[in-house]
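Below is a set of questions and answers on how certain labels are assigned in a structure. Each answer sets a value against the definition behind the label.

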Amino acid sequence: MQEKELIPHLYRAEFRKITAVLGKVFGIAHIEVAEDIVSDTFLLAAETWGLKGLPNNPTAWLYTVAKNKAKDMLKHDSIFNQKVVNEIKYSSSELHEIEIDLSGKNIQDSQLQMMFAICHPGIPAEAQIGLSLRILCGFGIEEIAVAFLSNKETINKRLFRAREKLKELNVKIEFPPEAEINKRIQNVLTTLYLLFNEGYYSATRDKVLRHDLCLEAMRLTYMLIENESTNKPFVNALLSLMCFHASRFDARTNPKGELVLYDEQDTRLWDRQLITRGEYYLNKAATGNEISKYHLEAAIAYWHTIKNNDEEKWEKILQLYNKLLIIEYSPIAALNRTYAVSKVYGKEKAIEEAEKLNLNNNHLYHTLLGDLYFTVDPHKALEHLNQSLKLSRSAADKKIITGKIRKLDLEKK
Amino acid sequence: MKEFVLIFRNESVGEIKLSPEGMLAVSNEWMDWMGGIASQGKLVNRGARLGAEGKTVKPGNVITTGPYAEIKEVIGGLTIIRAESLEEATRMAKGCPILNVGGNVEVRDVIPMNG
Amino acid sequence: MNEFVLIFRTDYLPEVKFSPDEMQSMMQHWQNWMGGIAAQNKLADSGNRLGSNGNTLQPGSVITNGPYAEIKEIITGYIIIRAESIDEAAEMAKGCPLVVGGGGQVEVRNIVPMNG
């Protein structure tokens, strides 16, 4: 460990663990108090270690100091103490004796329970992601603001409202009963998938940050797999899917940070190790009878890791999109299915299918039609690309579309 | 056992004019109190008695002369002791002679280095 | 050489939240400043960082909870250095991270020698 990265490293590794354990002791209503205690502990570490040198075991130091701060708070702040007693239903003598348990097992359990509490359908998805980044991943407000292309004030407000809402709903930091796990975990997975997508598709230019978001989503999903009662086939499918996508992380942007489309990627940049891991979890997902949307998406992602472009590959992908759309419609799946149709049955057929989709307000729809018409009818292609340019919002999208229009002009000449 | 710093404050420092006998008496009181703590093996560091010289360094390269002057009390010294808890440390501080002459003692926990 | 104590004073409840990177550079700043004093062999005692727990005893067995709180600043720590004069000691204190970027103050005080 480079000493010059010590605090950021420890912050990323330990903030979430201590916050989860303290949050569990204090209850969801006081989650911010837990966050503050841990932040203060790190600040104290920065000053004390600067003054006195590094302790032998910095992590143990952080645990001891945070634990003492929490105990002092419960002991000396009687109003806070009373609130915690009332809300968590401790008896007040219990609370005085409470052991703040920072063992590996309890850290793991507290984080999982916290995951269920935060990924709660009662608060907006965006707020769930924000709170997850803060509490489950230990991201600073500033980093979250960059990830969402927003500012600190907005993020602070959003997190504040989310915490208030969790408090209002009286959400408990605990494992859902066995019978409810399958239902509750769906919402957790949705949030983790959105978190992953936030990193994978985010418009922010900070590549390191985007990569971190993806890794965090994978880490949290992995925590569910490590835990017996949440190690479900569809969780393995989600992790498999994330591994396959993440394997192209380096290939899908060029050194200038611009997006490289799938067909144009340098396949040597695909990460073999992640593909192998993806295959491993896909196999583990193949137990039981249920085929979830994550299974189908993972299988689609698997076929995308196959380098050759033959008809068999696209036939498999098409069938998987058919199944996926039958389980759950989404515009993006519909568009991707159309692309697969073009690979299997040709552009004419795909155009025919595309025109039934009724996605006129979606810029990706017009980009797809622009691509399909490209050689078939350059005039129509241009019309669609112009429409797409008009509808697209991000600079990265506009750049890609403009590139296509320029290419079309060259072809015409 | 934890360590605590005792910070002694009084309205003025080193300016009390005492007769030699008076000085000796004051000095003995202090020695008795500290000796009592030391005899329990709880004196970590007898610390320092501070003189009347002082400067305060503030942001922006500002240096003012004299001890920190936001308050009328001035720190006269500090001592480090060992105790099980803040409460025990506070009890030990109760016998401090400065309390007999209108001063006060602040008892503060030291951030330990061995986690 | 004489000994001087440098007493660090900062706001009781800082409202600023620091990022991990900022805290990292804060730690390095302290390390460099302390290292610079030690390199001149003028660090007599690396002192202590104090916690936020405290009691204040007043005459007449009055105990108030919390650090000495007449003012918004509290003492957060101290070190002991060696210097020829209080002016030299104050010069050394100028580089303290608390003063340079921390918005705090350092009180420099001479120590009365124990042995005469």
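**Why these labels apply**

Q: Why is the contact between the side chains of Asp263(A) and Lys343(A) called a salt bridge?
A: The closest N and O atoms of Asp263(A) and Lys343(A) are 3.9 Å apart, and a salt bridge is defined as a side-chain nitrogen of Lys or Arg within 4 Å of a carboxyl oxygen of Asp or Glu, so the pair qualifies. The pair links distant parts of the chain, 80 residues apart, with Asp263(A) in the loop between α12 (233-246) and α13 (272-285) of chain A and Lys343(A) in helix α16 (residues 331-345) of chain A; helices (H or I, at least four residues) and strands (E, at least two) are DSSP runs, numbered from the N terminus.

Q: What should be kept in mind about the model and its numbering?
A: This is a predicted model, in which local features need pLDDT of at least 70 and side-chain atom pairs count only at pLDDT 80 or more, whereas totals for chains, interfaces and linings use all residues. Residues are numbered from 1 along each chain as its sequence is written, chains are lettered from A and ligands numbered from 1 in the order in which they are written, and side-chain values use heavy atoms, with hydrogens and water left out.

Q: Why is Asp263(A) called partly exposed?
A: Asp263(A) has a relative accessible area of 43%, and because buried means under 20%, exposed over 50% and partly exposed in between (1.4 Å probe, protein chains only), the value falls in the middle class. Lys343(A), with 30%, is partly exposed by the same rule.

Q: What makes Leu382(A) count as buried?
A: Leu382(A), which lies in helix α19 (residues 378-391) of chain A, has 19% relative accessibility and therefore counts as buried.

Q: How do you know that Lys165(A) and Glu168(A) form a salt bridge, and where do they lie?
A: Their N to O distance is 3.6 Å, within the limit for a salt bridge. Both residues lie in helix α9 (residues 152-168) of chain A, three residues apart, about one turn of the helix. Lys165(A) is partly exposed because its relative accessibility is 31%, whereas Glu168(A), at 60%, counts as exposed.

Q: Why is Arg268(A) called exposed, and which residue is its salt-bridge partner?
A: Arg268(A) counts as exposed because its relative accessibility is 72%. Its partner is Asp266(A), with the closest N and O atoms 2.9 Å apart, and Asp266(A) counts as partly exposed at 30%.

Q: How do you know that chain B and chain C are in contact?
A: Contact means heavy atoms within 4.5 Å, and 45 residues of chain B are in contact with 45 residues of chain C. The two chains bury about 4000 Å² between them, 61% of it on carbon and sulfur atoms, where buried area is the accessible area (1.4 Å probe) that two parts lose on being put together, summed over both. In chain B, Val57(B), Tyr68(B) and Arg108(B) lose the most area to chain C, together 18% of what that side buries.

Q: What makes the link between Asp87(C) and Lys55(B) a salt bridge?
A: The closest N and O atoms of Asp87(C) and Lys55(B) are 3.3 Å apart, which meets the definition. Across the interface of chain B and chain C the rule finds one salt bridge.

Q: Why are β5(B) and strand β2 of chain C said to pair?
A: Two strands pair if DSSP finds at least two bridges between them, and five bridges join β5(B) to strand β2 (residues 43-58) of chain C, so the condition is met. The two strands run antiparallel, and Val107(B) stands opposite Asn55(C) in β2(C).
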